[in-house]
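The following exercises concern a single protein model. Please work through each task before reading its solution.

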Amino acid sequence: MTRGPATPLPSPKARRRLREAASLTQTQLAERVGVAPGTVRAWESGRTTPRGRKREAYAKLLKALAEEEESAARQAARTPQPAPPPKTEPTGDRASAPEACPGAEAEPEPEPEPEPEPVAMPMPMREPAPESQPRSTREPVPEPRPAPAPLTPAQAFDALYEFSAPALVRQTFLLTGRREQARESVERAFQTAWERWPEVARDRDPVGWVRATAYEYALSPWQRFRPRHRHPEPPPADPGDRTLLNTLLRLPPRHRRTLVLYDGVGLDLPETAAETEASTPAAAHRLLRAREAVAGRLPALADPQVLHRRLAELASNERLGAARPPTVRRGGERRARFRTRAAIAFTVALIGTTALTVRTAPTHYEPPVSPGQAVRGVPPRVAPGSLSDEELELRQKLRDQMQDGPERLSPQLE
């Protein structure tokens, strides 16, 4: 399963042509987009591809430049073109021949045949024989070879992976010092490339695209919170390699990445600045600081050529393998299916919760119950208990008396 491409962009050559047709410098275009001039240089060379809001702004600007170019071309087509100058008669030995022999009749000169234009063909072809020559004596014209069949997306991805994955794993090991993390970072980068394959396939430097993604994943600050990061891996067996790797890991991540790209991979300074998304002076400053730190701990590596050789030896001494391309593609597809199903499950749960809330919510206003008020003058009710002697005597007295009250008095005469 692949993800749809982002905002479409023209090819790097077309981007540069549109900028030059509008008489804009890279600095002026960078100011209009809001990026550094080195970033525009990397976009036009195909080393990196803009993303996010910068990609939308860049695509909008290129579209406006293309529309201006089309309108200028239409206006130029409407203006009348000047008539071509008249052809002049060729002057030479043949033109002066009638004057040399006045008695001879001037024969009409045959018109020179136009020379055939050169055509780029896969094999050199001979000129066809003239019509007066019999067809049987003509030399056979070799047929052009059929063009090779285009590769499928899976075949192109597998070829890119087999070509660049082993080197990328070794380079990422120099950044992290962990073998499993380097292998996982490269696999994740290729899985992301497979999800965005239409964009990566049209990129001028697909290896640079995957390398930038792998480096960003390997140097992510969230890696330190993983349980695997708490357990250190065994260092290299060679003491020199172990010292060099520890020196690299002591560098800040940005300085380490700049040093690996320039002295390890072999990119030039503008390309290194573009891949690290920094200006050229900032990349040069990071490179100098990184070289000073390495030379301070290892004076023998002060020479850039020696440092380049030692970095290549350190990466080559480690036996780092990579998974097979079909395994990486299937892993990326499984991860994409898992994310899609998780999003669908979350959406269904949200819809169900909303429906349940709507179903159980009250349909009319229910006034709240007023709070209770304390009633004064009522003695508190106490629990029955044992009676005292006075209470027992009073109860017995009440039982002995008549229940209907005292005897009724009748009036009598005295």
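A residue counts as buried under 20% relative accessible area, as exposed over 50%, and as partly exposed in between. The model to which this scale is applied here is a predicted one.

**Exercise 1. An overview of the fold**

Task: State how many helices and strands the protein has, and what share of its residues counts as buried.

Solution.
- Step 1. The secondary structure comprises 16 helices and zero strands.
- Step 2. The protein contains 414 residues, of which 28% count as buried.
- Step 3. The exposed area of the protein is about 30,600 Å², and carbon and sulfur atoms supply 56% of it.
- Step 4. Taking contacts between residues at least 6 apart in sequence, 70% join residues at least 24 apart.

**Exercise 2. A salt bridge between two helices**

Task: Determine where Arg19 and Glu44 lie in the chain, and whether they are buried or exposed.

Solution.
- Step 1. A salt bridge requires a side-chain nitrogen of Lys or Arg within 4 Å of a carboxyl oxygen of Asp or Glu. Arg19 and Glu44 form such a bridge, with an N to O distance of 2.6 Å.
- Step 2. This pair links distant parts of the chain: Arg19 belongs to helix α1 (residues 12–21) and Glu44 to helix α3 (residues 37–45), 25 residues apart.
- Step 3. Arg19 and Glu44 are both buried.
- Step 4. The count for the protein comes to 15 salt bridges.

**Exercise 3. Salt bridges within one helix**

Task: Explain why Arg188 and Glu184 are separated by about one helical turn, and classify the accessibility of Glu313 and of Arg310.

Solution.
- Step 1. The side chains of Arg188 and Glu184 meet in a salt bridge of 4.0 Å, N to O.
- Step 2. Arg188 and Glu184 are separated by about one helical turn because they stand four residues apart in helix α7 (residues 179–195).
- Step 3. Arg188 has a relative accessible area of 28% and is therefore partly exposed, whereas Glu184, at 15%, is buried.
- Step 4. Glu313 and Arg310 also form a salt bridge, with their closest N and O atoms 3.0 Å apart.
- Step 5. Helix α14 (residues 304–317) holds both Glu313 and Arg310, which are three residues apart, about one turn of the helix.
- Step 6. Glu313 is partly exposed because its relative accessibility is 34%; Arg310 has a relative accessible area of 16%, so Arg310 is buried.
- Step 7. Through salt bridges that share partners, Glu184, Arg188 and Arg226 are joined into one network.

**Exercise 4. A leucine in a loop**

Task: Locate Leu267 and identify which residues it touches.

Solution.
- Step 1. Leu267 is part of the loop between α11 (253–265) and α12 (269–275).
- Step 2. With a relative accessible area of 9%, Leu267 is buried.
- Step 3. When residues up to four places away in sequence are not counted, Leu267 touches Arg47, Arg211, Leu261, Tyr262, Thr272 and Glu275.

**Exercise 5. Charged patches on the surface**

Task: Name the residues of the positive patch and of the negative patch, then place Arg334 and Asp389.

Solution.
- Step 1. Arg330, Arg334, Arg337 and Arg341 form a positive surface patch.
- Step 2. Arg334 lies in helix α15 (residues 325–360) and is partly exposed, at a relative accessible area of 47%.
- Step 3. A surface patch of negative charge gathers Asp389, Glu390, Glu391 and Glu393.
- Step 4. Asp389 is located in helix α16 (residues 389–400). Its relative accessible area is 62%, so Asp389 counts as exposed.

Notes: Residues are numbered from 1 along each chain as its sequence is written. This is a predicted model: local features need pLDDT of at least 70, side-chain atom pairs count only at pLDDT 80 or more; totals for chains, interfaces and linings use all residues. Side-chain values use heavy atoms; hydrogens and water are left out. Patches are made of residues with over 30% relative accessible area and no salt bridge: like charges are joined within 9 Å, nonpolar side chains (Val, Leu, Ile, Met, Phe, Trp, Tyr) within 5 Å. Accessible areas come from the Shrake-Rupley method with a 1.4 Å probe; for residues, only the protein chains shown count as cover. Lys and Arg count as positive and Asp and Glu as negative; His and the chain ends are not counted. The place of a charge is taken as NZ of Lys, CZ of Arg, CG of Asp or CD of Glu. Buried means under 20% relative accessible area, exposed over 50%, partly exposed in between (1.4 Å probe, protein chains only). Contact means heavy atoms within 4.5 Å.
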